[in-house]
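User: I should like to understand how the terms used for a protein model are justified. Please explain each one by its definition.

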Amino acid sequence: MSDQTNKAQQEEELLNEADAAIAEEVLEGMVDDAASDELAKAQEEAANYREAALRAQADAQNARRRAEQDVEKAHKFALEKFAKSIITVADNLERALSSTDEGSEKDPMREGVELTYKDLMETLARFEVKAVAPEGEPFNPELHQAMTMVPNPNMEPNTVMDVVQKGYTLNGRLLRPAMVVVSSAA
């Protein structure tokens, strides 16, 4: 009986050890699953933080770029109000020249107005203020303002026949549209 008892005890011990090993493996698997779940959550959280950091960096870069563009535009178009005011002086000098006789070149008054007009136009050109005088060109509603349309069989339709008042641009931006007479189909 003692042999059988010993055998039974040994079998019981083996079963207990096997159960313990199985339980240990199951626990390890559970720990590994829990650890892998935690790891997955941590990696996802890290990815979210990385994405947020990249977005913040991109937003900062975009804000910096917009600010640089705003400063550039401010420098480029700072003279806009002044230029709008001064082009009326150019218009008045042109009117003064057109009201005097062109044959009287020795007239000191006409000569003074011509020199003043020439100097003003050179100064405006130096600051990128350019005249828009589109006579003979196709009508462009972005640069021209049609005052009237006149039938003209000698010109193609929608061609500028006459410029009533010159337009002006500052660095490519329209200050004032040219007021024009446009041809229409006869």
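User: Why is Thr-159 called buried or exposed?

Analyst: This is a predicted model, in which local features need pLDDT of at least 70, side-chain atom pairs count only at pLDDT 80 or more, and totals for chains, interfaces and linings use all residues. Residues are numbered from 1 along each chain as its sequence is written, and side-chain values use heavy atoms, with hydrogens and water left out. Buried means under 20% relative accessible area, exposed over 50%, and partly exposed in between (1.4 Å probe, protein chains only). Thr-159 has a relative accessible area of 11%, so Thr-159 is buried.

User: What is in contact with Thr-159, leaving aside its neighbours within four places in sequence?

Analyst: Contact means heavy atoms within 4.5 Å. Apart from those neighbours within four places in sequence, Thr-159 is in contact with Gly-136, Glu-137, Pro-138, Phe-139, Val-181, Val-182 and Ser-183.

User: Why is Phe-82 called buried or exposed?

Analyst: The relative accessible area of Phe-82 is 55%, and therefore Phe-82 is exposed. Phe-82 lies in helix α2, residues 80-99; helices are DSSP runs (H or I, at least four residues), numbered from the N terminus.

User: How do you know whether the span of α2 agrees or disagrees with 1.5 Å a residue?

Analyst: The expected span of a helix is 1.5 Å times one less than its number of residues. The 20 residues of α2 should therefore span 28 Å, and its end C-alpha atoms are 29 Å apart, which agrees.

User: Which residues of α2 are buried?

Analyst: They are Glu-80, Ala-83, Ile-86, Ile-87, Ala-90, Asp-91, Leu-93 and Leu-97. Their cover includes α3 (108-126).

Conventions. Helix = DSSP H or I, 4+ residues; strand = E, 2+ residues; numbered from the N terminus.
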